[in-house]
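Work through these short exercises with the structure open beside you. Try each task before reading its solution.

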Amino acid sequence: SSGINAEWPLRPGLKEWYKISEDFPFKNIFARSKNPESQKQRNLSIACSRLRDIIQQNENKIKIINCGLRLFSFTKEVFSKCPYRLLQEGAHFTAKYMGAKIFEVSLEDMIKVLGPDTGVPKHTLHPDLFEKVKDLPTGIVVFYLPASGIIPTMYTCVYSTENGVKAYITEDEKNHFRLILGQEPLMTKRELKKLEAMENHRKKKIETAARIALENAQKENQEDKEDAEKTDEAEPNDQNEEIEKDLSAEEINSDS
């Protein structure tokens, strides 16, 4: 891991995009790359000053696999004009230094955003919030719900597009927040996939049972047909035997 210093090329752009305050501890930001000046550090994490000093003093002696709390992740330009997007993992920390792209929301709007992945049309948000987010450029912002009663302060990374917003967090994080807000958890993709597999198995069993029943019915019909044909063949023979018996009886009587 290497520290991000004041000469890092993307630092000004990152500060400007989120209006990060001057007291933000950039000197405690680290990246895994050996070259801290690289413009494409995958993740940017923050560590406390003591850990920063230990890392810098022993950088060539120990190998750091992971360091601190992840705050930003590199992203493509099509996703956001800012090369780094906020990460939910460190949203509660970064939000304290942000002067832009952070919005206080109502409980109702927070619940909407934590709904299904289809997203929420911006015009359905509270009018005050809609006015603030309607012209936002595409990218990650933070929705902030103040603490109220038993509900703690909540920071949620939200992906804003031209016409809508949706929570940009994992399914487990979303359900965690929903439970905190007194909402039923949503089914995860894993659970939906399992449910779909169970339904497909049920349908397959029904289809198999129907096929076996049809085959048995056809087999029974065939057996009944064969029995009927055997009966039809046997009846003429029986009649011939009776005729022969009658003729024999007549011959015996005539001889007498």
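**Exercise 1. Count the helices and strands of the protein.**

Solution. The protein has 7 helices and 10 strands. Both are DSSP runs, numbered from the N terminus: helices are H or I with at least four residues, strands are E with at least two. The model is predicted: local features need pLDDT of at least 70, side-chain atom pairs count only at pLDDT 80 or more, and totals for chains, interfaces and linings use all residues. Residues are numbered from 1 along each chain as its sequence is written, and side-chain values use heavy atoms, with hydrogens and water left out.

**Exercise 2. Place K174 and decide: buried or exposed?**

Solution. Start with the element: K174 is found in helix 6, residues 171–180. Next, its accessibility. K174 counts as buried because its relative accessibility is 6%; buried means under 20% relative accessible area, exposed over 50%, partly exposed in between (1.4 Å probe, protein chains only). Last, its contacts (heavy atoms within 4.5 Å). Leaving out residues up to four places away in sequence, K174 touches L114, G115, P116, D117, A167, I169 and L186.

**Exercise 3. Find what share of the protein is buried.**

Solution. Of the 256 residues, 33% count as buried.

**Exercise 4. Find how far apart in sequence the contacts reach.**

Solution. Take the contacts with a separation of 6 or more. Residues 24 or more positions apart account for 59% of them.
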